[in-house]
Amino acid sequence: IGIALDQTCIYPQDSPGGWHIIGISPLDFFDIGSKSPCFARPGDKIEFIEISLNQYLKLKKEILTKPKFK
């Protein structure tokens, strides 16, 4: 998750950029194999909330072990 002035961005994967990176998410925001590859649509409002490292690791583990449905 990056920030620049009054805008934010979400990098769907590791990539170089000029934004100030302020955090990471346990969620995958883009899945090319999904019917709707992006979780959000233009104009959606997204709220970022802070979680602890332990919460992040727990969520990441749960997401990785959860079966995917497409």
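The legends below describe close-up views of a predicted model.

**Figure 1. The whole chain holds 1 helix and 3 strands.**
From the N terminus on, the order of elements is β-β-β-α. The C-alpha trace spans about 40 × 30 × 25 Å along its principal axes. The chain has 70 residues, and 10% of them count as buried. Its accessible surface is about 6,500 Å². Carbon and sulfur atoms own 58% of that surface. Consider contacts between residues at least 6 apart in sequence: 35% of these join residues at least 24 apart.

**Figure 2. Three strands form an open, antiparallel sheet.**
The strand order is E2-E1-E3. Strand E2 (7-9) and E3 are the edge strands, and each pairs on one side only. Strand E1 covers residues 2-4. E1 and E3 run antiparallel and are joined by 2 bridges. Ile3 has His20 in E3 as its bridge partner.

**Figure 3. Asp28 and Lys60 form a salt bridge.**
Side chains of opposite charge can pair when their charged atoms come close. Here the closest N and O atoms of Asp28 and Lys60 are 4.0 Å apart. The pair links distant parts of the chain, with the two positions 32 residues apart in numbering. Asp28 sits in the loop between strand E3 (20-21) and helix H1 (53-65). Lys60 belongs to helix H1. Asp28 has 53% relative accessibility, so this residue counts as exposed. Lys60 has 22%, so this residue counts as partly exposed; the buried class ends at 20%. A search of the whole structure finds 1 salt bridge.

**Figure 4. Phe29 and Phe39 make a tilted aromatic pair.**
A search of the whole structure finds 1 aromatic pair. A pair of aromatic rings is described by the distance of the centres and the angle of the planes. For Phe29 and Phe39, the ring centres are 4.8 Å apart. Their planes meet at 35 degrees, so the pair is tilted. Stacked would require under 30 degrees, and edge-to-face over 60. Both Phe29 and Phe39 lie in the loop between E3 and H1, 10 residues apart. The pair still links distant parts of the chain.

**Figure 5. Phe29 is buried, whereas Phe39 is partly exposed.**
Phe29 has 12% relative accessibility. Buried means under 20%, so Phe29 falls in that class. Phe39 has 45% relative accessibility. Exposed begins over 50%, so Phe39 stays in the partly exposed class.

Terms used. Residues numbered from 1 in each chain as written. Predicted model: local features only at pLDDT ≥ 70, side-chain atom pairs only at ≥ 80, totals over all residues. Heavy atoms only, no water. Salt bridge = Lys/Arg side-chain N within 4 Å of Asp/Glu carboxyl O. Helix = DSSP H or I, 4+ residues; strand = E, 2+ residues; numbered from the N terminus. Buried < 20%, exposed > 50% of the residue type's maximum accessible area, 1.4 Å probe, protein only. Pairing = 2+ DSSP bridges. Phe/Tyr/Trp six-rings, centres within 6.5 Å; stacked < 30°, edge-to-face > 60°. Contact = heavy atoms within 4.5 Å. Areas by Shrake-Rupley, 256 points an atom, 1.4 Å probe, with all protein chains shown as cover.
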